[in-house]
Amino acid sequence: MSRRIRLFAFGVLVVWATLLLLGSWYPFDFQGAELRDACKQWWRGLRLAGQSRSDLAINLIAGVPLGFCSGLLIRARSTSQSQLGLADWAGAFLAVCLIALYAFGIEIGQAWFSRRVPSSLDTLAQTVGASGAMLVALSMGAFLLNRLNSVSDQAGSNRLMSFLDLYFVGYVIWMWMPFIPDLSPSELKQKWLHGVNGMGLSRWSSDPWTALYQAGVATLAAVPIGAWWYLWPNRRGIASSVWGAALWGGLCVAGLELSQLFIQSRVVGLDDCFWSAVGAIAGVGICRWKTPGGVPSPAVARIRPSTRFGLLIVGCAVYLAASLAPFDLVTSKAELIERWQAFRGSWRSGMFSGNDYAMFTNSLRTLLFTIPLGALFGFARNGWRPEGRITILFLFVLLMISGIAEAIQFISREHSVDAVSLFARLFGGLIGVGCLMCSRTPKSEQASGYFGPG
């Protein structure tokens with residue numbers, strides 16, 4: 001594992017721990033409290049009765065990045081590629097203990113802030129989430145580290161396949177979030193009757209922009225999955241079959257969509273199944289067209305800096321347009337002033353609370369949606385010199401685009417502007433840039449000019 005990737009994983013760990021602290025104590029309305037009373041209040045919180053399932057899900061998910069990044073760092077320093085030694089397991093146990101201690105400190109600290117209540121159940125949920133993510137990172141560590149290292153490989157085929165592997169894993173994780181199964185027969189019955197959306201053909205006439213946006217997102221997100229199914233047999237020396245890859249790619253994305261029937265807070269959409277299958281088949285076709293022999297060529301990954309810059313402009317335009325979808329815009333000055341006053345009132349009263357599951361999931365969705373934009377900035381940055389100044393310039397533009405995407409939601413009736421979402425955009429963009437900056441740019445692709453290839 002390269003030093004850059006280790007530093008990046010450590011940086012994500014520190015930043016997420018800081019966000020967890022800020023989110024737990026926001027809006028920082030300080031009040032006096034005693035440590036003894038805080039500990040008693042924390043202990044009384046270990047009760048499932050009356051506990052919100054959404055609040056429990058938030059705390060479970062909040063501990064996942066801490067455990068996953070810690071496990072990835074432990075796996076990176078392991079001398080064995082297959083089995084972990086006693087020192088590795090001891091380090092994992094120590095890391096979980098430190099995460100539990102940190103979660104305990106955050107919960108106890110809530111006693112000194114109004115609107116916050118210390119809860120031992122929240123501490124336990126964060127620790128359980130971190131422990132599960134730690135086991136996943138330790139068991140899949142070799143797979144993930146090999147792919148991350150291959151992303152920085154100069155061979156275009158290795159970089160492409162490693163990226164598709166990581167994307168496939170991320171796609172499955174996204175489809176199954178928040179990982180809370182819905183196994184009650186009565187709830188499954190109600191979800192089957194009311195939680196499955198049809199093809200939504202009427203939406204194309206009543207609200208075509210929303211229908212087009214949803215179809216586009218589902219289609220584009222599934223394109224790499226089809227490419228993965230087409231290129232995967234090549235690793236085993238098996239010739240790729242276009243029809244077989246299209247069949248398995250379509251079944252894969254449609255099956256993942258239908259599996260959301262068993263996930264709480266997720267809704268199955270038959271239209272999403274259809275468009276995801278279309279995207280997977282398109283991915284097979286694109287991959288077949290770019291690699292006629294079924295074997296990816298390093299030249300596929302070599303794109304001129306000017307072309308990368310053009311892709312970046314298109315990506316920014318799509319990102320800004322998606323922030324306004326479904327384009328139900330404000331048409332009067334009075335309505336705009338009313339939305340501004342509502343924003344100011346929500347900012348003063350505090351917009352983020354530990355029980356606000358909708359706010360948490362929307363912010364997480366915004367963060368994940370911005371990561372590809374940040375990665376596109378990092379991708380477009382390669383090949384331009386001087387590297388340091390161009391990196392600073394691209395980061396500044398990324399921050400500006402993220403701020404504009406959040407600010408323009410003032411003119412959209414379907415969205416609301418808030419600082420939490422803005423911070424999620426900025427953090428997601430930086431994660432995407434960091435992922436691409438961890439990879440080395442082949443010397444053959446580096447440019448010699450100031451603002452472009454020499």
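**Figure 1. Trp229 and its contacts in the predicted model.** Setting aside neighbours up to four places away in sequence, Trp229 is in contact with Phe168, Ala245, Trp248, Gly249 and Cys252. This view, like those that follow, comes from a predicted model. Trp229 also belongs to the largest nonpolar core, which has 20 residues; Phe168, Tyr171, Ile225 and Trp229 are the ones that touch the most other members. Two or more residues of this core come from each of helix 7 (156-176), helix 10, helix 11 (242-258) and helix 12 (270-290). Helix 10 gives the largest share, seven residues. Another core lies apart from this one and has 17 residues, including Leu66, Cys69, Ile106 and Ala130.

**Figure 2. The whole chain, to help you find your way.** Before the next close-ups, here is the setting: the protein chain has 17 helices and two strands. Of its 454 residues, 44% count as buried. Now take the contacts between residues at least 6 apart in sequence: 81% of them join residues at least 24 apart.

**Figure 3. Helix 10 and the kink at Val223.** How far apart are the end C-alpha atoms of helix 10? Helix 10 covers residues 208-231, and its 24 residues should span 34 Å at 1.5 Å a residue; the end C-alpha atoms are 35 Å apart, so the two values agree. Along the way, helix 10 has a kink of about 30° at Val223, shortly before the proline Pro224.

**Figure 4. Gly216 and Ser276, from helix 10 to helix 12.** Gly216 lies in helix 10, while Ser276 lies in helix 12. These two residues are 60 apart in sequence, and their C-alpha atoms are 9.2 Å apart in space. Are Gly216 and Ser276 buried or partly exposed? Gly216 has a relative accessibility of 27%, so it counts as partly exposed. Ser276 has a relative accessible area of 4%, and because buried means under 20%, Ser276 is buried. Leaving out residues within four places in sequence, the contacts of Ser276 are Tyr171, Ala218, Ala222 and Val253. One of these, Tyr171, is already familiar from the largest nonpolar core.

**Figure 5. Gly269 in strand 2.** Look next at strand 2, which runs over residues 268-269 and holds Gly269. With a relative accessibility of 2%, Gly269 counts as buried. Ala254 makes a handy landmark here: Gly269 and Ala254 are 15 residues apart along the chain, and 9.7 Å separates their C-alpha atoms.

**Figure 6. Ser412 in a loop.** Where is Ser412? Find the loop between helix 16 and helix 17 (419-437), and Ser412 is there. At 0% relative accessibility, Ser412 counts as buried. Which residues does Ser412 touch, not counting those up to four places away in sequence? They are Leu324, Asp328, Leu329, Val330 and Arg339.

**Figure 7. The second largest cavity.** The model has two cavities of 30 Å³ or more, and this view shows the second largest, with a volume of about 30 Å³. Its lining is made of Phe377, Gly378, Arg381, Thr391, Phe394, Leu395 and Val433. Helix 15 (357-381) and helix 16 (387-407) each contribute at least two of the lining residues.

Key
Residues numbered from 1 in each chain as written. Predicted model: local features only at pLDDT ≥ 70, side-chain atom pairs only at ≥ 80, totals over all residues. Heavy atoms only, no water. Helix = DSSP H or I, 4+ residues; strand = E, 2+ residues; numbered from the N terminus. Expected span 1.5 Å × (residues − 1). Bend = angle between axes of the 7 residues up to and from the residue. Buried < 20%, exposed > 50% of the residue type's maximum accessible area, 1.4 Å probe, protein only. Core = buried A, V, L, I, M, F, W, Y, C linked by side-chain atoms within 4.5 Å. Contact = heavy atoms within 4.5 Å. 1 Å grid on protein atoms, 1.4 Å probe; cavity = no way out; pocket = protein on both sides within 12 Å on 5 of 7 lines; lining within 4 Å. Points joined across faces, edges and corners; volume = space filled by probe spheres on them.
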